[in-house]
There are 2 protein chains.
Amino acid sequence: MTDEQQIRTLIENWVAAVHAGDLDTVLADHSPDIVMFDVPPPYDGVRGLAAYTETWPGFFKWQQSGASFELESLDVTAGSDVAFAFALLHCRTTDGDPRVLLRLTIGLRKLADRWTVTHEHHSFPHDDASNGS
Amino acid sequence: MTDEQQIRTLIENWVAAVHAGDLDTVLADHSPDIVMFDVPPPYDGVRGLAAYTETWPGFFKWQQSGASFELESLDVTAGSDVAFAFALLHCRTTDGDPRVLLRLTIGLRKLADRWTVTHEHHSFPHDDASNGS
């Protein structure tokens, strides 16, 4: 597989594992030093694999209540040892949750010949943004 | 300069230009194909340099009203031809705007021996996120 294909497979497997509540697979390709900008606070990011791990049980419970976590689109830019990807995902409950598309950006490094996630940025837009940006 | 230093300088200059309302410098290192996930909608991103350009005048106006746009931290991961960076910025008015830290992730490619921004992801957390993530 090309580097792009390896990364695409890594992210597709991670998305499926998030929806299934499979914590081992969610963590399998993540760095001890990961920095995640998550949908909720803290403002300065979730830092380190232990803190990253703690964010998932509550989200898994919400997924199991009937929510979706499905890739709508995925764009991968891969170099030989650094890569990034951005994606849109359906992330909603079945009862008309208006947050239709989650935006996701992932940063990766190839370490010991294996692509490893060192950064994730998850967000929804702010419909009420009033600063004109 | 190393690739990391080149990217750090690019981002520092871009941040200063955003605050100063210097549109030419804001656009100088950006790809025609840029995809930006901005703080406001659209959910599926701002696509292409023309659309990216249109987002700035309103933001410049807000900056000129007395708002800040200053790097708090910047982390760069640079390969030989692909790189990404993530940053926290003070982005607020002086009247106690509670949105203290903007989260920013940038994806870059080296094209014609020059680092070029192909992706930006700007967000604030959602304090009311109720899905447990």
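Which residues of the largest nonpolar core touch the most other members? The core has 60 residues, and those with the most contacts to other members are Ile7(A), Ala83(A), Ala85(A), Ile7(B), Ala83(B) and Ala85(B). Here a nonpolar core is a set of buried Ala, Val, Leu, Ile, Met, Phe, Trp, Tyr and Cys residues joined through C-beta atoms within 7 Å. A residue counts as buried if 20 or more other C-beta atoms lie within 10 Å of its own, as exposed if there are 12 or fewer, and as partly exposed in between, with C-beta atoms placed from the backbone.

The structure is a predicted model, in which local features need pLDDT of at least 70 and side-chain atom pairs count only at pLDDT 80 or more, while totals for chains, interfaces and linings use all residues. Residues are numbered from 1 along each chain as its sequence is written, and chains are lettered from A and ligands numbered from 1 in the order in which they are written.

A good place to begin is chain B. Its six strands form an open sheet of mixed pairing, in the order S2-S1-S6-S5-S4-S3. Strand S2 (46-47) and strand S3 (70-78) of chain B stand at the edges with a single partner strand each, so one side of each has no neighbour in the sheet. Helices (H or I, at least four residues) and strands (E, at least two) are DSSP runs, numbered from the N terminus, and two strands pair if DSSP finds at least two bridges between them.

Starting from the S3 edge, S3(B) and strand S4 (residues 82-90) of chain B pair in the antiparallel sense over eight bridges. Leu71(B) has Leu89(B) as its bridge partner in S4(B), and Leu74(B) stands opposite Ala87(B). These two strands form a hairpin with three residues between them. S5(B) and S6(B) are also antiparallel, with nine bridges, and Ile106(B) has Glu120(B) as its bridge partner in S6(B). A hairpin links S5(B) and S6(B) as well, with two residues between them. In its turn, Ala112(B) has a phi near 50 degrees, a positive value in a residue other than glycine. Ala112(B) counts as exposed, because it has 5 C-beta neighbours inside 10 Å.

S6(B) itself is mostly covered, with seven of its ten residues buried. Strand S1 (residues 30-37) of chain B runs parallel to S6(B), joined to it by four bridges; in this pair, the bridge partner of Val35(B) is His119(B).

What lies across the sheet of chain B? Helix H1 (residues 3-20) of chain B lies across S3, S4, strand S5 (101-111) and strand S6 (114-123), running at about 150 degrees to S3(B). Axes are lines fitted to C-alpha atoms, for helices over the stretch in contact, and angles run from 0 to 180 degrees between N-to-C directions. Two residues are in contact if their C-beta atoms, placed from the backbone, lie within 7 Å. Leaving aside neighbours within four places in sequence, Ile7(B) is in contact with Val76(B), Ala78(B), Ala83(B), Ala85(B), Leu108(B) and Trp115(B).

Chain A also has an open sheet of six strands, in the order S2-S1-S6-S5-S4-S3 and with mixed pairing. In chain A, S1 and S2 pair in the antiparallel sense over two bridges, and Val35(A) stands opposite Arg47(A) in S2(A). The loop between S1 and S2 of chain A holds Pro42(A), and the peptide bond from Pro41(A) to Pro42(A) is cis, with omega near 15 degrees. Asp113(A), in the loop between S5 and S6 of chain A, has a positive phi of about 65 degrees although it is not a glycine.

The last topic is how the two chains meet. The contact takes 41 residues from chain A and 41 residues from chain B. On the side of chain A that touches chain B there are 19 nonpolar, 15 polar and seven charged residues. In this count, Ala, Val, Leu, Ile, Met, Phe, Trp, Tyr, Cys and Pro are nonpolar, Asp, Glu, Lys and Arg are charged, and the others, Gly among them, are polar. Chain A can be laid on chain B with an RMSD of 0.0 Å by a turn of 180 degrees and a shift of 0.0 Å along the axis. The two copies are thus related as by a two-fold rotation axis. Copies are superposed by least squares on the C-alpha atoms of residues with pLDDT of at least 70 in both. Of the interface residues of chain A, 100% are also interface residues in chain B, so the copies meet through the same surface.
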